[in-house]
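User: Could you take a close look at the place where the two domains meet and talk me through it?

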Amino acid sequence: MSELRHLINITDLSVEEIDHLIAVADDIIAHPEAYWDACAHKKLATLFFEPSTRTRLSFTAAMMELGGNVLGFDQAASSSTSKGESVSDTIVMACCYADIVAMRHPKEGAPFVGARHSTVPIINAGDGGHFHPTQTLTDLLTIHRKKGDFKGLTIGLCGDLKFGRTVHSLIEAMIRYEDIHFVMISPEELDLPSYIKEQLNKAGVDWREVSSLEEALPELDVLYMTRVQKERFFNEEDYIRLKDSFILNRAMLSTAKDDMIVMHPLPRVNEIAIDVDDDPRATYFYQALMGKYIRMALILFLLGIK
Ligand code: CP
């Protein structure tokens, strides 16, 4: 029997394990038929207490393409959470019915609590404004396939860097690689939490903050746009004032490198105009596709299936 592993934070995986997952995902893309029955008779529970399109559907598609089955719920209201059942009891129940669990929850730390009560691997599919490690794996696979390597890249992170869990997890992953440069582009009120800044400084990473996307664009190899998330604000006035702080349009890309890639974890609202979609640098829909392959690799890894 393999050791019980969970993925709560991206740092639960070593750099070598992340590189292994990227290599397996590359192999799945090249030889999908070799994986068709890899998870036959295995079940994935998707416990989504918060809305999702990509994460839930890509986990579902991933398990189906591995020959396994999927059960679960897509909102707290349709589970016994609505009757007052705790996260820990919900997880104990899921362990009775599934071999692995992907869980999204609006409260930071809920998947960690779940993991403490679980006898099967728990995957954090996003917890509040905290972490989103499988989005990070998706992002790393995308960057690796498009750029070949992480070394020497200058990455612009733009938008809501305060509540943006995908940004926090991506930074935590990338600072463990060599020669990475970050440009943080956000309104002052939505800049990075201080604990992430401390991690950047401790790792000796080259990074700076700017308030203008136009200023940063020419030097970037990767532009990672994010949505200003209405659901994280306590005050609607603040959301309305900040929501359109940065809007990338096709004309702005004239100063960007020809091989820069534009990423976004999605969903987008206004922050990338639809006229960018036809630009060859637009990579966000490809990125969403990569989410399925890296989640296939992750399910195999956590279930200990070679
Ligand atoms: N990127 C992402 O987490 O998208 P969903 O919220 O649609 O799952």
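Analyst: Polar contacts first: 11 residue pairs, both members at pLDDT 80 or more, make one across the interface of domain 1 and domain 2. That term covers a pair of N or O atoms within 3.5 Å, where within protein one must be able to donate a hydrogen and the other to accept it, and residues adjacent in sequence count only if both atoms are side-chain atoms. Bear in mind that this is a predicted model, where local features need pLDDT of at least 70, side-chain atom pairs count only at pLDDT 80 or more, and totals for chains, interfaces and linings use all residues. Numbering runs from 1 along each chain as its sequence is written, and side-chain values use heavy atoms, with hydrogens and water left out.

On the domain 1 side, at least two residues apiece come from helix 1 (15–30), helix 2 (54–65), strand 4 (122–127) and helix 10 (284–302); these are DSSP runs numbered from the N terminus, helices being H or I with at least four residues and strands E with at least two. Helix 1 gives the most, eight residues.

The rule also finds two salt bridges across this interface, meaning a side-chain nitrogen of Lys or Arg within 4 Å of a carboxyl oxygen of Asp or Glu. R145 pairs up with D26 in a salt bridge, with 2.7 Å between the closest N and O atoms.

As for area, about 2,300 Å² is buried between domain 1 and domain 2, 58% of it from carbon and sulfur atoms; that's the accessible area (1.4 Å probe) the two parts lose on being put together, summed over both. I10, R54 and F131 supply 27% of what domain 1 buries against domain 2, more than any other three residues.
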